Amino acid sequence: MKFQLSKAGVMGAAAILALGAAITGCGQKSAALLSVSAAPQAQPRIPVYYWHMWSAQWLPVMEHIVSEFNASQTKYEVIAVQVPYGQADTKFLLSAAGGDPPDVMAQWTQAIGSWGQAGVLEPLETKMTPAERQRFSHDTYPVFHDNGWYKGHLYGLPLAVDVYACYYRPDQFRQAGLDPDRFPDTLEALTDAGNRLNQVDTDGRYTRLGFLPQGLTRYAPAFGGGFYDPRADRVLLDTPANKRALDYLTQTGNRLGMERVRRFSAGLKSENNGADWPFIDGSFTVTLDGEWRVMQLAQFAPEMEYRVAPLPPPRGGKPLASFASIDYLTIPAGAKHSEGAWEFIKFWAGIDNPERAGAFNASFGWLPSSPRMTNSPAYQAYLHKYPQYHTFVQLAASPNLVTTPPVPYQQFLMDRIQSRDELAERGSVTPKEALAQLELETGRERSRRKDLGYDQ
């Protein structure tokens, strides 16, 4: 690029030359000063642009992790950009299409297979050294090292995992003559206990539900069900285990009376987060929910007595089973500084130093990814402060977790599972019909994609 000096620029340049000549003519002291001023400057850091969606009280936590990484080395400078959650997917895909994506991005959408097939993510296993690959494969819990893969490539490194367990109210157990120290050890026993915990008014309307099981994805794992067979690389839908789970949900709902349940639910607070969670006001005695509720209860109901237990399996089912959704760290294809992005990813995820990452997970209230992280001083201090988290750590380490299938039509599949599940639980279709329709719709989607030339 050529530049033209204005008259003022020429005069300024002449003044600088004159000043340089004056300095040259000075004595030893001036020469020493010139030597100092001419000392080589430190190399500028390589910028690594990082997009994430954490806001509100989580933003300072996120910024602290970025600061810790930047202080840990001198080569890269991570620059964090907060992207609104509702716009994140669109913004990411547009940036990838335009050839100007971030260097690293946190992803909550369960679409790693879809985006891996679309070629908008870089494979991460190629960036691992043999030692890193060994640690990742053998030192982390199964749900962390088995997910984020598509067609043999790791497109998203699991960072945080959400699992589900039973929150329950010991005070209401005691009122019903149940021992809160002996939580039911089978799903059948829990269902019976829930019936004893129900309360109704003089008109027969529910004022409290002891236990309301809902959601095929949450209950299928305990029945030995799920939605994917990794050995055969095959989606599983209309299976005996999934049908047993859906039969249980519909039959339990029918016994409770779904119309009465709907009237009860309509009378609850419209919001289901924070202080408005119906478990806090006693509307539910037992409810299946995620680990993030522990932090909410500490904030909004610090004096309330509650406990957490794994969902007990039905007879012949699987213990410590749960559905799990995962947050990932990804490197978009076309990232300008992917090596710096990988350095940040492994720093945060704890591949090289799980003990340090244990403090990061504790600050977010996340589950640990490995035994070393669990046993780190910072995470042990967190468990001491929030002992209810022990149950979720048990679940995080379990091999019986079910996740979103790693297929390129993930969002379509999970939407259809939810839709057919809701129809069955409302009584609009039978469980058998719901699963058969699910198989049919999914088969049509696979055929449509095949006709368009997509991988299956």
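**Entry 1. Asp171**

I began with Asp171, which I found in helix H8, residues 170-175. The model I am reading is a predicted one. Is Asp171 buried, partly exposed or exposed? Its relative accessibility is 25%, so I entered Asp171 as partly exposed, given that buried requires a value under 20%. I then looked up its separation from Leu288. The two residues stand 117 apart in sequence, and their C-alpha atoms are 18 Å apart in space.

**Entry 2. The chain as a whole**

I next recorded the overall figures. The chain holds 20 helices and 16 strands. Along the principal axes, its C-alpha atoms fill a box of roughly 100 × 60 × 45 Å. Of the 456 residues, 50% are buried. I also looked at how contacts are spread along the sequence. Taking contacts between residues at least 6 apart, 72% join residues at least 24 apart.

**Entry 3. Enclosed space**

I turned to the cavities. Rolling a probe the size of a water molecule over the atoms shows where empty space is left. How many cavities of 30 Å³ or more are there? I noted 3.

The largest cavity has a volume of about 150 Å³. Its lining comprises 15 residues, and Thr140, Ala349, Gly350, Ile351 and Ser369 lie nearest the centre. Three elements each give at least two residues to this lining: helix H6 (130-138), strand E6 (157-162) and helix H16 (371-374). By class, I recorded 8 nonpolar, 4 polar and 3 charged residues.

The second largest cavity holds about 40 Å³ of space. Which residues line the second largest cavity? I listed Pro158, Leu159, Trp348, Ala349, Ala357, Asn361, Ser369 and Met373. Strand E6, helix H14 (338-349) and helix H15 (354-364) each contribute at least two residues to this lining. The classes here are 6 nonpolar and 2 polar, with no charged residue.

I compared the two lists. Ala349 and Ser369 are named among the residues nearest the centre of the largest cavity, and both are also in the lining of the second largest cavity.

**Entry 4. Helix H14**

Since H14 supplies lining residues to the second largest cavity, I examined this helix separately. H14 has 12 residues and reaches 16 Å from its first C-alpha to its last, close to the 16 Å expected at 1.5 Å a residue. Is H14 mostly covered or mostly uncovered? I noted that it is mostly covered, with 10 of its 12 residues buried. These are Ser338, Gly340, Ala341, Trp342, Phe344, Ile345, Lys346, Phe347, Trp348 and Ala349. Among them are Trp348 and Ala349, which line the second largest cavity. Just after H14, Gly350 takes a positive phi of about 85°. Gly350 is also one of the residues nearest the centre of the largest cavity.

**Entry 5. Thr403 and the second largest pocket**

I then went to the loop between strand E16 (401-402) and helix H19 (410-426), where Thr403 is found. Thr403 is buried because its relative accessible area is 17%, where the cut-off is under 20%. What does the side chain of Thr403 meet in a polar contact? I found the side chain of Asn147, at 2.8 Å. Setting aside neighbours within four places in sequence, I listed Val143, Asn147, Phe323, Ala324 and Ile326 as the residues in contact with Thr403.

Thr403 also appears in the lining of the second largest pocket, where Tyr228, Asp229, Pro230, Thr403 and Pro406 lie nearest the centre of a lining of 47 residues. The volume of this pocket is about 1100 Å³. Among the elements that each supply at least two lining residues I noted helix H5 (112-118), helix H7 (142-145), strand E15 (325-330), strand E16 and helix H20 (431-451). The lining divides into 22 nonpolar, 16 polar and 9 charged residues.

**Entry 6. Positive phi outside glycine**

Most residues other than glycine have a negative phi, and most peptide bonds are trans. I therefore recorded two residues of the other kind.

Ala56 has a positive phi, near 50°. I placed Ala56 in the loop between strand E1 (46-52) and helix H3 (58-72). Ala56 is exposed, since its relative accessible area is 59% and exposed means over 50%.

Asp233 likewise has a positive phi, near 50°. Asp233 sits in the loop between strands E10 and E11, and both of these strands supply at least two residues to the lining of the second largest pocket. With a relative accessible area of 44%, Asp233 is partly exposed.

Conventions: Residues are numbered from 1 along each chain as its sequence is written. This is a predicted model: local features need pLDDT of at least 70, side-chain atom pairs count only at pLDDT 80 or more; totals for chains, interfaces and linings use all residues. Side-chain values use heavy atoms; hydrogens and water are left out. On a 1 Å grid over the protein atoms alone, a cavity is a set of points where a 1.4 Å probe fits but cannot get out, and a pocket is an open set with protein on both sides within 12 Å along at least five of seven lines; lining residues have an atom within 4 Å of a point. Grid points are joined across faces, edges and corners, and a volume is the space filled by probe spheres set on the points. Helices (H or I, at least four residues) and strands (E, at least two) are DSSP runs, numbered from the N terminus. Ala, Val, Leu, Ile, Met, Phe, Trp, Tyr, Cys and Pro count as nonpolar, Asp, Glu, Lys and Arg as charged, and the others, Gly among them, as polar. The expected span of a helix is 1.5 Å times one less than its number of residues. Buried means under 20% relative accessible area, exposed over 50%, partly exposed in between (1.4 Å probe, protein chains only). A polar contact is a pair of N or O atoms within 3.5 Å; within protein, one must be able to donate a hydrogen and the other to accept it, and residues adjacent in sequence count only if both atoms are side-chain atoms. Contact means heavy atoms within 4.5 Å.
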